[in-house]
Structures are given as structure tokens and as C-alpha cells.
Amino acid sequence: MTRRGSSCRKRSSPCRSDRVAEPSDHRPVLLEEVLTGLAIRPEGAYVDATFGRGGHAAAILERLGREGRLLAVDRDPDAVTAAADRFGDDPRFRVAQGDFAMLRAIAGNNAPANGYDGILLDLGVSSPQLDRPERGFSFRHDGPLDMRMDTTAGETAAEWLARVEVGELEQIIRTLGEERFARRIARAIEAARVEQPIETTARLAAIVDAAVPRRERDKHPATRTFQAIRMAVNAELEALDAALEAAPDLLAPGGRLAVISFHSLEDRRVKRFIRSAAGERPAAVRDSRGRLPPIETERPEVRLRPVGKPVTPGDEEARRNPRARSARLRIAERPA
Ligand SMILES: C[S@@+](CC[C@H](N)C(=O)[O-])C[C@H]1O[C@@H](n2cnc3c(N)ncnc32)[C@H](O)[C@@H]1O
């Protein structure tokens, strides 16, 4: 079994356990665009902070020469096992289990002297996570209401739902799920959990389904609520903020950061972070007496520069891989 933040290289290492049978593979999103954006150099050192099932990692390794290096990170022990199984024999490859909120510590350990040439964050969940009923991410299969990416630590969704205050629950469903019926759903959950703890995905889906008065076309009524609870249980926005903050310091001059987000709240954070790391100041806001703040004369430090415009999947990819439809890729570079 692996420990948090621990790493391994070889098949014989403690990271290896019995092969994880995959109910489905994960198709990497915006693959060519990520490779172009990272401008992979054969002798470069890269971090894939969201290994998943290694779609992006495999393509990066293909482009690396003998001197190249790839550090893979994932907080999901199944992903780490899959990584050790697939690439554990490759001396250029290392995998660590951990939360990318701790990227500075995980990737800073044994980092190349100059820094990394590229860091990838492909946010959200992988298809194997969604497709395994026992992981409790999906309303499509009944299973225990877990939803933790790291199954070795933290509160499950069932435990979280049992204790969260109804006002906070409503707020989370409204903001993280962008759900307009958040109040009705939060109240329905509150009423249901008094009767009996909510411990399965099917029960939660049925409670939400009954609470939602109008349905969206082609969308299960519980989609937004499940997304919101997953993001809260895994503190996904907080982890993203911490990883973004660490990334410029981990990059070598000229090194690139690539972030694929699937949610407007994530993308907005990435956009704002890149702008502020590029030295852009937010527009000055007048105070209650109509006064503008003093003009700042000191030039802000430029830690990153945006590269190109955000990239979204073309029609062909969106048709082949429905999961890619909401994806948005942003690239930034540490100035040389
Ligand atoms: C969209 S999948 C990545 C798919 C991958 N690029 C591929 O091609 O197979 C996201 C992965 O990131 C992991 N993940 C999400 N948040 C994380 C975090 N805060 N720290 C580490 N891993 C995380 C998830 O466990 C999941 O395996």
C-alpha cells in the first residue's frame, strides 16, 4: 500500500499491488493541444499532477528521450497502482500518491535543479472513478455514498451529508453545482436524513429527483448536486488554488503550466490566477465615498505569462468523448 506523498518507480516497489481491473478506460481530453501547449522537450522534466489512467502521461513519455523525466501524482490509490503497473519499469518515470494541494512538497522533493519544464493539471474525476459503483461518484449505479478521491483519508460524502448544516448545503449545491433548485434539494436532504442516514448513491439520487420540479433535457436531475457534493468532499477548489500558487516556483524559466478545467468556477480561478501572476492588477474599485485607492507605483513581479487563448475541444472530439464537451485548457509560461 502506498502512503500519502510517498513515491515509487519499479514494479517491485511497495506501490505495486494486484492489477486494478478497469471497468472502462479514460480517454485523455485535448491530448494534442496539451502536448503542443507544454512544448515537450525530449530531455525535459515534467509533472502530471493528475495521472488518472495515464492518457496524457503515456503521450508525454512517448515524446521524452532517455534523459527525460516524468513525475506522476494522483490522490487516488487506484490511479497510483495503475501508474506503477503501467510505467513502473520505465526509469524515466516516478509516481507519488498525494493531493496536488501539496504540490510544492511532493514535486519539490527531488526536483531538477532548474525546475520543471512543464506541469499538467487535468482536473475533476476519471472515467474509472465514475464507473465504479463502489466509489460512490455516480447516480447511474447504486453504491456506497463515498466520493472520496483518496479512499484512505477524510470524510465520505455520506459522513459529510450527515453533519453539514442545511444553509451551507444549500449554498454549496447552488455555487458548486450551479443548481437553481438548491434550496428545495437541501431541505429535502435535511428531511430525509432525519428519517434515516443517506448512505447510498441511489437514495441520494432519488431524494434529489423528487425535489426538483423541472428537468433539464439530457441531464439527470441529480447531476449538479452530485458534482457539488463531490467538489466539497474533496475540497477541489481549495486544492486547485494551492497547486496554482505553487506552480510558478516549481517551473524552470520557460517552463509551462497547462490546466484543463471542466467547471466555470475552476476556469475562472485559473484565468484570474494567470492574470495576477502576469502582473495584471484587478480594476480599481471606488470605496463607499467614491474614492479610488492610491495608485501603486511598484511594478508587480511577473511569475507567469499566458500563452495563446484558452482552447476548447473541436466538434470531432466532443462527439467522440462527451466528457470533453465542457473542457477548457489554459497554458501559461514562466518568463525566461
Ligand atoms: C480527469 S482525471 C485525469 C485523467 C488523466 N489525464 C488521463 O489522461 O488519464 C483527474 C485525476 O486527477 C485526480 N485528482 C483530482 N484532484 C486531485 C488532487 N487534488 N490531487 C491529486 N490528484 C487529484 C483524480 O483522482 C483523477 O484520477
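## The largest cavity

In this predicted model, helix α11 makes the greatest contribution to the lining of the largest cavity, supplying 3 residues. This helix spans residues 236-250, and it is joined by α2 (55-63), β3 (69-74) and β5 (116-122) as elements that each supply at least two residues of that lining. The space within the largest cavity comes to about 370 Å³, and of the 32 residues that line it, Thr50, Asp74, Asp122, Leu123 and Gly124 are the closest to its centre.

Sorted by class, the lining of the largest cavity consists of 12 nonpolar, 10 polar and 10 charged residues. A search of the whole structure for cavities of 30 Å³ or more returns 2.

## The ligand and its surroundings

The ligand sits in the largest cavity, and 25 residues surround it, of which His56, Asp74, Asp99, Phe100 and Asp122 come nearest. By class, this shell is made up of 8 nonpolar, 10 polar and 7 charged residues. Asp74 and Asp122 are thus named both among the residues that come nearest to the ligand and among those closest to the centre of the cavity.

## Polar contacts and coverage

Both of these aspartates also place polar side-chain atoms by the ligand: one such atom of Asp74 lies 2.7 Å from an oxygen atom of the ligand, while one of Asp122 lies 2.7 Å from a nitrogen atom of the ligand. From the backbone, a polar atom of Gly55 is 3.1 Å from a ligand oxygen atom. On its own the ligand has 610 Å² of accessible area, and the protein covers 99% of that area.

Asp74 and Asp122 can also be placed in the elements listed for the cavity lining, since β3 runs over residues 69-74 and β5 over residues 116-122, whereas α2, at 55-63, takes in Gly55 and His56.

## The largest pocket

Apart from the cavities, the model has pockets to describe, and the largest pocket holds about 1,200 Å³ of space. Of the 34 residues that line it, Leu130, Thr223, Gln227, Arg323 and Ser326 are the closest to its centre. Two or more residues of this lining come from each of α5 (127-131), α10 (223-233) and α12 (264-277), and α10 has the largest share, with 6 residues.

The lining of the largest pocket, divided by class, comprises 8 nonpolar, 14 polar and 12 charged residues, and the corresponding division for the largest cavity is 12 nonpolar, 10 polar and 10 charged.

Terms used:
Residues numbered from 1 in each chain as written. Predicted model: local features only at pLDDT ≥ 70, side-chain atom pairs only at ≥ 80, totals over all residues. Heavy atoms only, no water. Near = heavy atom within 4 Å. Polar contact = N/O pair within 3.5 Å; in protein donor to acceptor, adjacent residues only side chain to side chain. Areas by Shrake-Rupley, 256 points an atom, 1.4 Å probe, with all protein chains shown as cover. 1 Å grid on protein atoms, 1.4 Å probe; cavity = no way out; pocket = protein on both sides within 12 Å on 5 of 7 lines; lining within 4 Å. Sits in = over half its atoms within 2 Å of the grid points. Nonpolar A, V, L, I, M, F, W, Y, C, P; charged D, E, K, R; others polar. Points joined across faces, edges and corners; volume = space filled by probe spheres on them. Helix = DSSP H or I, 4+ residues; strand = E, 2+ residues; numbered from the N terminus.
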